[in-house]
Amino acid sequence: MNLPKELRYSDEHEWVKQEGNKVRIGITDFAQSELGDIVFVELPEVGAELEANSPFGSVESVKTVSELYAPVSGKVVEVNGDLEDSPENVNEAPYESGWMIVVEITDTADLDKLMDADKYEAMVSAE
């Protein structure tokens, strides 16, 4: 399982990369492997306001449809439009070309509630 140490992780299997007052968000390598082949990704529009722990989109795989949950509160400032035509990027490179949205964070305390790679790995190993 690929878990970059510099990222933070949510209970709902999203990863967060801090970039100043913005964060880049996607789903973890573990999540994409559990879902199987991803065939469709539904993401919010730029400008959408997200609330931590609330749904912001969904991922459809050949097996199931899973909701995506915002790990932080904030405003969507960028959406990975490439996923519309290439949803398989989430399977092939979840931390690179498979990223989903960039959010301008409203409360950096949200980041403190997320896990580091070691805690996340312990959580998924227990599942």
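Me: Asn53: buried or exposed?
Reply: The relative accessible area of Asn53 is 62%. Buried means under 20%, exposed over 50% and partly exposed in between, using a 1.4 Å probe and protein chains only. So Asn53 is exposed.

Me: What kind of model is this?
Reply: Residues are numbered from 1 along each chain as its sequence is written, and side-chain values use heavy atoms, with hydrogens and water left out. Local features need pLDDT of at least 70, side-chain atom pairs count only at pLDDT 80 or more, and totals for chains, interfaces and linings use all residues: this is a predicted model.

Me: Where does Asn53 lie, and what is its phi?
Reply: Asn53 sits in the loop between strand S5 (49-50) and S6. Most residues other than glycine have a negative phi. Asn53 is not a glycine, yet its phi is positive, near 70°.

Me: What about His13: buried or exposed?
Reply: His13 also has a positive phi without being a glycine, about 75°. It belongs to the loop between strand S1 (8-9) and S2. Its relative accessibility is 15%, so His13 counts as buried.

Me: How many helices and strands does the protein chain have?
Reply: Helices (H or I, at least four residues) and strands (E, at least two) are DSSP runs, numbered from the N terminus. The order along the chain is β-β-β-α-β-β-β-β-β-α-α-β-α-α. That makes five helices and nine strands.

Me: What is the radius of gyration of the protein chain?
Reply: The radius is taken over C-alpha atoms, and the globule rule is 2.2 Å times the number of residues to the power 0.38. For 127 residues, a compact globule would come out near 14 Å. The C-alpha atoms fill a box of roughly 35 × 35 × 20 Å along the principal axes. The chain's own value agrees with the globule figure: 13 Å.

Me: What share of long-range contacts joins residues at least 24 apart?
Reply: Contact means heavy atoms within 4.5 Å. The count takes in contacts between residues at least 6 apart in sequence. Of these, the share joining residues at least 24 apart is 63%.

Me: How many residues, in percent, count as buried?
Reply: The protein chain has 127 residues and exposes about 6,600 Å², an area from the Shrake-Rupley method with a 1.4 Å probe. Carbon and sulfur atoms supply 42% of that area. The buried share of the residues is 49%.

Me: How far apart are the centres of the positive and negative side chains?
Reply: Lys and Arg count as positive, Asp and Glu as negative; His and the chain ends are not counted. Each charge is placed at NZ of Lys, CZ of Arg, CG of Asp or CD of Glu. The chain has 9 positive and 29 negative side chains, and their centres lie apart by 8 Å.

Me: Where does UniProt place the feature "domain: Lipoyl-binding"?
Reply: The feature comes from an unreviewed UniProt entry; such annotations may be inferred rather than shown by experiment, feature names are shortened, and positions follow the numbering used here. The span is 18% helix and 42% strand, and its end C-alpha atoms lie 4 Å apart. UniProt places the domain at residues 22-104.

Me: Which residue carries the annotation "modified residue: N6-lipoyllysine"?
Reply: The residue lies in the loop between S6 and strand S7 (65-69). At 58% relative accessibility it counts as exposed. Beyond four places in sequence, it touches Glu34, Leu35 and Gly36. The unreviewed UniProt entry puts the annotation on Lys63.

Me: How far is Asp37 from Ser61, C-alpha to C-alpha?
Reply: Asp37 is in the loop between helix H1 (29-35) and strand S4 (38-42). Asp37 is exposed, at 53% relative accessibility. Its contacts beyond four places in sequence are Glu60, Ser61, Val62 and Asn91. Asp37 and Ser61 are 24 residues apart along the chain, and their C-alpha atoms are separated by 5.3 Å.

Me: How far is Asn21 from Ile105 in space?
Reply: Asn21 lies in the loop between strand S2 (14-19) and strand S3 (22-27). It counts as partly exposed, at 43%. Beyond four places in sequence, Asn21 touches Val103, Glu104 and Ile105. Asn21 and Ile105 are 84 residues apart in sequence, but C-alpha to C-alpha they are apart by 6.0 Å.

Me: What is the relative accessible area of Trp15?
Reply: Trp15 belongs to strand S2. Its contacts beyond four places in sequence include Tyr9, Ile25, Pro94 and Trp99. Trp15 and Pro94 are 79 residues apart in sequence and 9.3 Å apart, C-alpha to C-alpha. Trp15 is buried, because its relative accessible area is 1%.
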